[in-house]
Amino acid sequence: MCQRKPPGQWNEKISHFDVTTIQGHYIDFPSSDTSSVLYYEESGAGQPIVFLHTAGSDSRQYRHLLANTELQKHYHMFSFDLPFHGKSDPYQQWWDNKYNLTTDLYAQWILSFVQKLEIEKPIIVGCSMAGAIVLYLAAEYGEQFTAAISLEGGFHTGGRNVPWLDHPMVHDGMFLQSWVNGLMAPQSPEALRRLSLWHYAQGGPGVYKGDIHFYSLDWPEVSKSLGKAKCPLWLLTGEYDYSCTPESSQAAAERLGGTFIKMQGIGHFPMSENPELFVSYLEPVLQQITTCSTK
(Lines give C-alpha, C1' and ligand atoms only; values in the text may rest on other atoms or scores of the structure.)
Protein backbone atom coordinates (compact mmCIF):
# COMPACT_ATOMS: atom_id res chain seq x y z
CA MET A 1 0.00 0.00 0.00
CA CYS A 2 1.46 3.36 -1.01
CA GLN A 3 1.80 5.86 1.81
CA ARG A 4 0.60 9.43 1.45
CA LYS A 5 3.25 12.12 1.22
CA PRO A 6 2.71 15.54 2.81
CA PRO A 7 1.76 18.40 0.46
CA GLY A 8 4.71 20.22 -0.99
CA GLN A 9 5.27 23.69 -2.37
CA TRP A 10 4.41 24.58 -5.95
CA ASN A 11 7.43 26.79 -6.45
CA GLU A 12 6.98 28.84 -9.60
CA LYS A 13 3.32 29.62 -8.97
CA ILE A 14 1.46 31.41 -11.72
CA SER A 15 4.41 31.32 -14.15
CA HIS A 16 3.28 27.80 -15.02
CA PHE A 17 -0.08 29.13 -16.27
CA ASP A 18 -0.60 29.31 -20.05
CA VAL A 19 -4.25 29.36 -21.08
CA THR A 20 -3.36 29.22 -24.79
CA THR A 21 -2.33 25.57 -24.34
CA ILE A 22 -5.95 24.50 -23.69
CA GLN A 23 -7.93 23.15 -26.65
CA GLY A 24 -11.74 23.27 -26.74
CA HIS A 25 -14.02 20.94 -28.69
CA TYR A 26 -17.68 20.28 -29.40
CA ILE A 27 -18.90 16.71 -29.89
CA ASP A 28 -22.19 14.99 -30.59
CA PHE A 29 -22.96 13.24 -27.35
CA PRO A 30 -25.41 10.33 -27.52
CA SER A 31 -26.17 8.94 -24.10
CA SER A 32 -28.74 6.15 -23.75
CA ASP A 33 -32.13 7.68 -24.67
CA THR A 34 -30.84 11.27 -24.61
CA SER A 35 -28.45 13.22 -26.82
CA SER A 36 -26.78 16.59 -26.71
CA VAL A 37 -24.00 18.73 -28.15
CA LEU A 38 -21.26 18.58 -25.52
CA TYR A 39 -18.34 20.92 -24.92
CA TYR A 40 -15.03 19.79 -23.44
CA GLU A 41 -11.46 21.03 -23.05
CA GLU A 42 -8.17 19.18 -22.94
CA SER A 43 -4.46 19.80 -22.50
CA GLY A 44 -1.22 17.95 -21.85
CA ALA A 45 -0.06 14.40 -22.52
CA GLY A 46 0.43 11.29 -20.42
CA GLN A 47 -1.80 9.68 -17.77
CA PRO A 48 -5.37 10.80 -18.49
CA ILE A 49 -7.35 12.73 -15.87
CA VAL A 50 -11.03 13.63 -16.21
CA PHE A 51 -12.15 16.60 -14.09
CA LEU A 52 -15.82 17.07 -13.14
CA HIS A 53 -17.29 20.46 -12.20
CA THR A 54 -19.58 21.37 -9.31
CA ALA A 55 -23.37 21.85 -9.28
CA GLY A 56 -24.55 24.86 -11.26
CA SER A 57 -21.14 25.72 -12.72
CA ASP A 58 -19.01 24.38 -15.59
CA SER A 59 -15.57 23.22 -16.65
CA ARG A 60 -14.02 26.69 -16.39
CA GLN A 61 -13.46 25.81 -12.73
CA TYR A 62 -10.49 23.68 -13.84
CA ARG A 63 -8.92 26.25 -16.17
CA HIS A 64 -5.91 26.85 -13.93
CA LEU A 65 -5.19 23.13 -13.76
CA LEU A 66 -5.52 22.50 -17.49
CA ALA A 67 -3.33 25.56 -18.16
CA ASN A 68 -0.64 24.41 -15.73
CA THR A 69 2.27 23.60 -18.01
CA GLU A 70 4.01 21.52 -15.34
CA LEU A 71 0.99 19.24 -14.98
CA GLN A 72 0.74 19.07 -18.77
CA LYS A 73 4.13 17.34 -18.91
CA HIS A 74 2.75 14.27 -17.16
CA TYR A 75 -1.03 14.28 -17.55
CA HIS A 76 -3.55 14.42 -20.39
CA MET A 77 -6.28 16.47 -18.73
CA PHE A 78 -9.94 16.66 -19.73
CA SER A 79 -12.80 18.72 -18.36
CA PHE A 80 -16.30 18.85 -19.83
CA ASP A 81 -19.53 20.75 -19.30
CA LEU A 82 -22.41 18.48 -18.34
CA PRO A 83 -25.52 18.82 -20.52
CA PHE A 84 -27.42 21.99 -19.49
CA HIS A 85 -24.16 23.54 -18.18
CA GLY A 86 -21.66 25.98 -19.66
CA LYS A 87 -21.32 25.57 -23.43
CA SER A 88 -23.06 22.18 -23.56
CA ASP A 89 -26.64 22.06 -24.79
CA PRO A 90 -29.54 20.51 -22.92
CA TYR A 91 -30.55 17.06 -24.16
CA GLN A 92 -33.16 16.74 -26.92
CA GLN A 93 -36.74 17.81 -26.11
CA TRP A 94 -35.50 19.22 -22.84
CA TRP A 95 -38.48 21.60 -22.61
CA ASP A 96 -40.85 18.65 -22.23
CA ASN A 97 -39.17 17.26 -19.12
CA LYS A 98 -38.01 19.06 -16.00
CA TYR A 99 -34.28 18.67 -15.43
CA ASN A 100 -33.63 16.57 -12.33
CA LEU A 101 -30.22 14.96 -12.15
CA THR A 102 -30.06 11.44 -10.70
CA THR A 103 -27.18 9.20 -9.73
CA ASP A 104 -27.85 6.85 -12.66
CA LEU A 105 -28.04 9.64 -15.26
CA TYR A 106 -24.98 11.41 -13.85
CA ALA A 107 -22.86 8.26 -13.91
CA GLN A 108 -24.14 7.45 -17.40
CA TRP A 109 -23.05 10.86 -18.72
CA ILE A 110 -19.55 10.49 -17.27
CA LEU A 111 -19.02 6.94 -18.47
CA SER A 112 -20.37 7.86 -21.92
CA PHE A 113 -17.91 10.76 -22.15
CA VAL A 114 -14.97 8.52 -21.27
CA GLN A 115 -16.14 5.91 -23.80
CA LYS A 116 -16.84 8.47 -26.55
CA LEU A 117 -13.30 9.87 -26.34
CA GLU A 118 -11.78 6.40 -25.81
CA ILE A 119 -9.99 7.53 -22.65
CA GLU A 120 -8.28 4.48 -21.17
CA LYS A 121 -8.55 4.10 -17.38
CA PRO A 122 -8.39 7.78 -16.41
CA ILE A 123 -7.98 9.22 -12.96
CA ILE A 124 -11.42 10.62 -12.17
CA VAL A 125 -11.55 13.86 -10.16
CA GLY A 126 -14.71 15.71 -9.11
CA CYS A 127 -15.68 18.42 -6.66
CA SER A 128 -18.79 18.92 -4.49
CA MET A 129 -21.67 17.08 -6.21
CA ALA A 130 -19.00 15.70 -8.56
CA GLY A 131 -17.02 14.67 -5.48
CA ALA A 132 -20.08 12.65 -4.50
CA ILE A 133 -20.46 10.96 -7.88
CA VAL A 134 -16.74 10.11 -7.82
CA LEU A 135 -17.40 8.10 -4.65
CA TYR A 136 -20.16 6.26 -6.49
CA LEU A 137 -17.97 5.60 -9.52
CA ALA A 138 -15.14 4.32 -7.31
CA ALA A 139 -17.48 1.89 -5.55
CA GLU A 140 -19.54 0.75 -8.55
CA TYR A 141 -17.22 1.18 -11.56
CA GLY A 142 -13.79 1.42 -9.97
CA GLU A 143 -12.24 -1.16 -12.28
CA GLN A 144 -12.67 1.36 -15.14
CA PHE A 145 -10.46 3.97 -13.44
CA THR A 146 -6.83 4.08 -12.41
CA ALA A 147 -7.83 6.02 -9.29
CA ALA A 148 -10.52 8.35 -7.97
CA ILE A 149 -10.08 11.69 -6.21
CA SER A 150 -13.12 13.15 -4.51
CA LEU A 151 -12.87 16.87 -3.67
CA GLU A 152 -15.29 18.11 -1.02
CA GLY A 153 -17.13 14.80 -1.28
CA GLY A 154 -19.16 12.93 1.33
CA PHE A 155 -22.48 11.32 2.15
CA HIS A 156 -24.25 13.99 4.22
CA THR A 157 -25.23 16.54 1.58
CA GLY A 158 -28.81 17.42 2.47
CA GLY A 159 -30.20 20.86 3.25
CA ARG A 160 -29.60 22.60 -0.06
CA ASN A 161 -32.91 21.76 -1.74
CA VAL A 162 -34.95 24.89 -0.97
CA PRO A 163 -38.01 26.26 -2.86
CA TRP A 164 -36.42 29.54 -3.92
CA LEU A 165 -33.75 27.81 -6.04
CA ASP A 166 -36.10 28.02 -9.02
CA HIS A 167 -38.53 30.80 -8.13
CA PRO A 168 -39.54 33.49 -10.67
CA MET A 169 -39.08 36.23 -8.04
CA VAL A 170 -35.51 35.17 -7.22
CA HIS A 171 -32.60 36.00 -9.53
CA ASP A 172 -30.64 32.76 -9.82
CA GLY A 173 -27.33 34.38 -10.63
CA MET A 174 -27.38 36.89 -7.80
CA PHE A 175 -28.73 34.46 -5.21
CA LEU A 176 -26.30 31.63 -6.00
CA GLN A 177 -23.31 33.93 -5.78
CA SER A 178 -24.31 34.98 -2.30
CA TRP A 179 -25.08 31.40 -1.24
CA VAL A 180 -21.77 29.86 -2.27
CA ASN A 181 -19.57 32.83 -1.40
CA GLY A 182 -19.28 31.79 2.23
CA LEU A 183 -18.03 28.35 1.23
CA MET A 184 -14.65 29.72 0.15
CA ALA A 185 -11.67 30.41 2.38
CA PRO A 186 -11.22 34.11 3.20
CA GLN A 187 -7.51 33.99 2.37
CA SER A 188 -8.08 32.66 -1.16
CA PRO A 189 -7.14 35.34 -3.73
CA GLU A 190 -10.01 37.80 -4.14
CA ALA A 191 -9.84 37.84 -7.93
CA LEU A 192 -10.18 34.05 -8.08
CA ARG A 193 -12.98 33.98 -5.52
CA ARG A 194 -14.92 36.56 -7.49
CA LEU A 195 -14.31 34.69 -10.75
CA SER A 196 -15.65 31.49 -9.16
CA LEU A 197 -18.80 33.40 -8.22
CA TRP A 198 -19.07 34.91 -11.71
CA HIS A 199 -19.18 31.41 -13.19
CA TYR A 200 -22.00 30.56 -10.82
CA ALA A 201 -23.97 33.61 -11.93
CA GLN A 202 -24.22 32.29 -15.50
CA GLY A 203 -26.17 29.06 -15.07
CA GLY A 204 -29.48 28.45 -16.86
CA PRO A 205 -32.77 28.70 -14.95
CA GLY A 206 -33.49 25.61 -12.90
CA VAL A 207 -30.10 24.00 -13.59
CA TYR A 208 -28.70 24.39 -10.08
CA LYS A 209 -31.95 23.10 -8.59
CA GLY A 210 -31.84 20.14 -10.97
CA ASP A 211 -28.30 19.37 -9.81
CA ILE A 212 -29.37 19.65 -6.19
CA HIS A 213 -32.00 16.98 -6.85
CA PHE A 214 -29.07 14.60 -7.16
CA TYR A 215 -26.88 16.14 -4.47
CA SER A 216 -29.38 16.56 -1.63
CA LEU A 217 -32.21 14.12 -2.44
CA ASP A 218 -31.03 11.19 -4.58
CA TRP A 219 -27.41 10.80 -3.50
CA PRO A 220 -27.88 10.58 0.30
CA GLU A 221 -30.18 7.59 -0.24
CA VAL A 222 -28.02 5.88 -2.89
CA SER A 223 -24.87 6.29 -0.78
CA LYS A 224 -26.31 4.17 2.04
CA SER A 225 -25.79 0.96 0.05
CA LEU A 226 -22.31 1.60 -1.34
CA GLY A 227 -19.59 -0.96 -0.76
CA LYS A 228 -15.82 -0.51 -0.72
CA ALA A 229 -14.07 1.37 -3.51
CA LYS A 230 -12.83 -0.83 -6.35
CA CYS A 231 -9.92 1.49 -7.18
CA PRO A 232 -7.52 3.61 -5.13
CA LEU A 233 -9.52 6.46 -3.62
CA TRP A 234 -8.56 9.79 -2.07
CA LEU A 235 -10.85 12.37 -0.49
CA LEU A 236 -9.50 15.93 -0.19
CA THR A 237 -11.61 18.51 1.63
CA GLY A 238 -10.91 22.11 2.59
CA GLU A 239 -11.03 23.18 6.20
CA TYR A 240 -13.46 26.05 5.41
CA ASP A 241 -16.08 23.82 3.75
CA TYR A 242 -19.28 23.71 5.79
CA SER A 243 -21.37 22.22 2.97
CA CYS A 244 -19.40 18.98 2.98
CA THR A 245 -17.27 19.17 6.11
CA PRO A 246 -13.88 17.52 6.54
CA GLU A 247 -15.51 15.26 9.12
CA SER A 248 -18.06 14.10 6.54
CA SER A 249 -15.36 13.35 3.98
CA GLN A 250 -13.26 11.51 6.54
CA ALA A 251 -16.23 9.32 7.46
CA ALA A 252 -16.80 8.52 3.78
CA ALA A 253 -13.11 7.66 3.34
CA GLU A 254 -13.23 5.26 6.27
CA ARG A 255 -16.37 3.55 4.99
CA LEU A 256 -15.15 3.17 1.39
CA GLY A 257 -11.54 2.35 2.23
CA GLY A 258 -10.05 5.58 0.91
CA THR A 259 -7.44 8.03 2.15
CA PHE A 260 -8.59 11.35 3.59
CA ILE A 261 -6.60 14.61 3.41
CA LYS A 262 -7.71 17.83 5.06
CA MET A 263 -6.59 20.86 3.05
CA GLN A 264 -5.65 23.84 5.18
CA GLY A 265 -6.54 27.32 3.98
CA ILE A 266 -8.99 26.12 1.31
CA GLY A 267 -12.78 26.12 1.00
CA HIS A 268 -15.35 24.32 -1.14
CA PHE A 269 -13.88 25.19 -4.57
CA PRO A 270 -10.15 24.40 -4.30
CA MET A 271 -9.43 24.19 -8.03
CA SER A 272 -10.89 27.64 -8.78
CA GLU A 273 -10.59 29.68 -5.58
CA ASN A 274 -6.93 28.86 -4.88
CA PRO A 275 -5.47 26.59 -7.58
CA GLU A 276 -1.86 27.23 -6.59
CA LEU A 277 -2.40 26.00 -3.05
CA PHE A 278 -4.64 23.19 -4.24
CA VAL A 279 -1.99 21.83 -6.61
CA SER A 280 0.40 21.51 -3.65
CA TYR A 281 -2.06 18.95 -2.24
CA LEU A 282 -3.07 17.36 -5.54
CA GLU A 283 0.34 16.85 -7.10
CA PRO A 284 1.71 14.50 -4.40
CA VAL A 285 -1.45 12.39 -4.67
CA LEU A 286 -1.06 12.17 -8.45
CA GLN A 287 2.57 11.14 -7.98
CA GLN A 288 1.48 8.38 -5.61
CA ILE A 289 -1.12 7.15 -8.06
CA THR A 290 1.45 7.03 -10.85
CA THR A 291 3.96 5.21 -8.62
CA CYS A 292 1.43 2.66 -7.39
CA SER A 293 -0.08 1.99 -10.82
CA THR A 294 3.30 1.17 -12.34
CA LYS A 295 4.29 -1.39 -9.68
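This is a short guided tour of a predicted model, with suggestions for what to select at each stop.

**Stop 1: strand β3 and its neighbours**

Start by selecting residues 47–52, which form strand β3. Five of the six residues in β3 are buried, so expect a strand that is mostly covered. Now add residues 75–80, strand β4: β3 and β4 run parallel and are joined by five bridges. Then add residues 123–127, strand β5, which also runs parallel to β3 and is joined to β3 by four bridges.

Click on Val-50 next. Which residue of β4 is the bridge partner of Val-50? Look for Phe-78. In β5, the bridge partner of Val-50 is Ile-124. While you have the strands on screen, a general point helps with viewing: side chains in a regular strand alternate between the two faces of the sheet.

**Stop 2: Ile-123 in β5**

Stay in β5 and select Ile-123. Is Ile-123 buried or exposed? Its relative accessible area is 0%, and because buried means under 20%, Ile-123 is buried. Show the surrounding residues and, leaving out those up to four places away in sequence, you will find that Ile-123 touches Gln-47, Pro-48, Ile-49, Val-50, Thr-146, Ala-147, Ile-149, Leu-286 and Ile-289. If you would like to try the distance tool, pick the C-alpha atoms of Ile-123 and Ser-59: they are 16 Å apart, with these positions 64 residues apart along the chain.

**Stop 3: two residues with positive phi**

Step back to Lys-121, in the loop between α3 (103–116) and β5. Lys-121 is not a glycine, yet its phi is positive, at about 45°. With 40% relative accessibility, Lys-121 is partly exposed.

Then jump to Glu-152, in the loop between β6 (147–151) and α5 (172–181). Glu-152 is not a glycine either, and has a positive phi of about 55°. Here the relative accessible area is 0%, so Glu-152 is buried.

**Stop 4: Thr-237 in β7**

Glu-152 leads you to Thr-237, since the two are in contact. Thr-237 sits in strand β7, residues 233–238, and is buried, with a relative accessible area of 0%. Beyond the residues up to four places away in sequence, the other contacts of Thr-237 include Gly-153, Cys-244, Pro-246, Phe-260 and Met-263.

**Stop 5: helices α4 and α7**

Now select residues 129–141 (α4) and 207–222 (α7). These helices pack at an angle of about 35°, and their axes are 10 Å apart. Their crossing is left-handed. To see the contact, show the side chains of Met-129, Ala-132, Ile-133, Leu-135 and Tyr-136 on α4, and of Asp-211, Phe-214, Tyr-215, Trp-219 and Val-222 on α7. Nine of the contact residues are nonpolar, one is charged and none is polar.

**Stop 6: the nonpolar cores**

Keep Ile-133 selected and add Phe-113: in the largest nonpolar core, of 64 residues, these two touch the most other members. Which element gives the largest share of this core? That is α4, with 10 residues. Around Ile-133, setting aside neighbours within four places in sequence, the contacts are Leu-52, Thr-103, Tyr-106, Ala-107, Ile-110 and Phe-214.

For a last selection, try Leu-236, Ile-261, Phe-278 and Tyr-281, which are among the 29 residues of a second, separate core.

Definitions and conventions. Residues are numbered from 1 along each chain as its sequence is written. This is a predicted model: local features need pLDDT of at least 70, side-chain atom pairs count only at pLDDT 80 or more; totals for chains, interfaces and linings use all residues. Side-chain values use heavy atoms; hydrogens and water are left out. Axes are lines fitted to C-alpha atoms, for helices over the stretch in contact, and angles run from 0 to 180 degrees between N-to-C directions. A crossing is left-handed if the near helix is turned anticlockwise from the far one by less than a right angle, and right-handed if clockwise. Contact means heavy atoms within 4.5 Å. Ala, Val, Leu, Ile, Met, Phe, Trp, Tyr, Cys and Pro count as nonpolar, Asp, Glu, Lys and Arg as charged, and the others, Gly among them, as polar. A nonpolar core is a set of buried Ala, Val, Leu, Ile, Met, Phe, Trp, Tyr and Cys residues joined through side-chain atoms within 4.5 Å. Buried means under 20% relative accessible area, exposed over 50%, partly exposed in between (1.4 Å probe, protein chains only). Two strands pair if DSSP finds at least two bridges between them.
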